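Let us walk through this structure together, one stop at a time. Please have the sequence and the 3D view open as you read.

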Amino acid sequence: LVKVRSAHNNLGSQQAASIRPLLLLSGGLLSSLCHRPSCFSLPAATAFELRPRQASSGVQMSSAIKSVSALGFPFKTPDPFLFCVYHKDNYPAGDDKMQAPRQGNGADFDWSLPYRMYHGDRVPGFPQHPHRGFETLTATLEGLVDHSDSSGCAGRYGEGDLQWLTAGAGVVHGEMFPLVNKDKPNTLRLFQIWLNLPAKDKMVPPAFVMHWAEKIPKMSKDGASLIVFAGEYEDKKGLPPPERSWASDARNDVTVWLIELEPGSSFVIPPSKIGSDANRALYFVEGASVDVCGKPLTAKSTIMLDASKEAGLKNTANAGKAEFLLLQGRPIKEPVVQHGPFVMNTQAEIQQAFMDYRKTEFGGWPWPEDAMVFPRDKGRFALFKGKEEAPPSQCAS
């Protein structure tokens, strides 16, 4: 099943904003086409629809809020973003092999449980699977991730690190969540974000960069904290993305922020540098009660905002932090045809992606395991073109 999103240049801004694609992926069909049980897919059967966004009741016309809806899995994302999920798993202590106490079923996405195994067996995570035509950003908050890919790159990252991967013409990678702590829980929190590539860059060579938490710009003032995973805020400028990323052009104002508010504290999101030419989505992911542009919210929510206006946030709870993810950027405004892990502009290009993957496996898999994990005592590291680096904190020690 294929999702097609068209955002043509001849649409007015009001028309374009009224189109909301709902994305669900087909697990079984993708696995059968890939001929590999480890191909990434979400477990739900799929359909898509286009329907107008309804304005939220009680919001003044002068507000920056365009719409408010319940937070889903995956999040609703505006162009140039394709997909975003918030992983929050309360993994227990691991055994001698960094495994969980229970075995996964191959597609474990049960949100009623304290944690999920996803496509993992005894170590949770996503064994090797292919991508083409877009980028993945894995913005971590807690826990560790073991990365391996078909170009020979690898890493262990987490605790605030950001991994940015340009799939481009095609890459196979795995993301596993080893339970490295034997005597305490292995809580995992991260955002997996898919950023589209324009047609001219969909077949660029794959690229991989690691942004260590110690180097990612941050701001903290009067109970408000900001992590600039991408973009900029005042004098805080995000680290460079891969060269052919849509975010590498400052005119696209691609922004990924995590905003944290202590009880009673506030933060104002300034207007985008490109005003209403940018799309902006805000996700209320943690906290009991907040105020967004004068609108009180107690349920986890997706808030679509007018990027030309500032947006005020306040944590109105008596206890506990509130956390928001902000995604923003100039839309690419090209047709999107997506099938599972491949995102192109036409159905013919999707078919070609499957044929290329069957023929080349995007360079093959150089690792001894489909679900690659590294030794418990390895620490955080990044391996790129045969050269290994460690984060500044480990280098100092």
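Arginine 132 is buried, because its relative accessible area is 5% and buried means under 20%. Keep in mind that you are looking at a predicted model. Along the chain, arginine 132 sits in the loop that links strand E6 (125–131) to strand E7 (134–142). What lies 2.5 Å from a polar atom of the arginine 132 side chain? It is the backbone oxygen of alanine 169.

From that loop you can step straight into a sheet, since strand E7 is one of the five strands of an open sheet ordered E5-E12-E7-E10-E13. The pairing in this sheet is antiparallel. Which strands stand at its edges? They are strand E5 (81–91) and strand E13 (207–211). Each of these two has a single partner strand, so one side of each is left without a neighbour in the sheet. On average, neighbouring strands here are turned by 10 degrees against each other, direction ignored.

Stay with the E5 edge for a moment. Strand E5 is joined to strand E12 (residues 186–196) by ten bridges, and the two run antiparallel. If you would like a place to put your cursor, try valine 85, which stands opposite glutamine 192 in E12.

Now turn to another open sheet, built from seven strands in the order E4-E23-E20-E25-E18-E15-E14. Here too the pairing is antiparallel. Strand E4 (65–70) and strand E14 (218–221) stand at the edges; each has a single partner strand, so one side of each lacks a neighbour in the sheet. From one strand to the next, the twist averages 15 degrees.

At the E14 edge, four bridges join E14 to strand E15 (residues 224–230), and these strands run antiparallel. Within this pairing, look for lysine 221, which stands opposite alanine 224 in E15.

The last stop concerns cysteines. A disulfide is a covalent bond between the sulfur atoms of two cysteines. How many disulfides does a search of the whole structure find? The search finds zero. Two cysteines are still worth a look for their surroundings. Cysteine 84 is buried, because its relative accessible area is 0%. Cysteine 293, with a relative accessible area of 25%, counts as partly exposed, because that class lies between the 20% and 50% cut-offs.

Methods. Residues numbered from 1 in each chain as written. Predicted model: local features only at pLDDT ≥ 70, side-chain atom pairs only at ≥ 80, totals over all residues. Heavy atoms only, no water. Buried < 20%, exposed > 50% of the residue type's maximum accessible area, 1.4 Å probe, protein only. Polar contact = N/O pair within 3.5 Å; in protein donor to acceptor, adjacent residues only side chain to side chain. Disulfide = S-S within 2.5 Å. Pairing = 2+ DSSP bridges. Axes fitted to C-alpha atoms, helices over the stretch in contact; angles between N-to-C directions.
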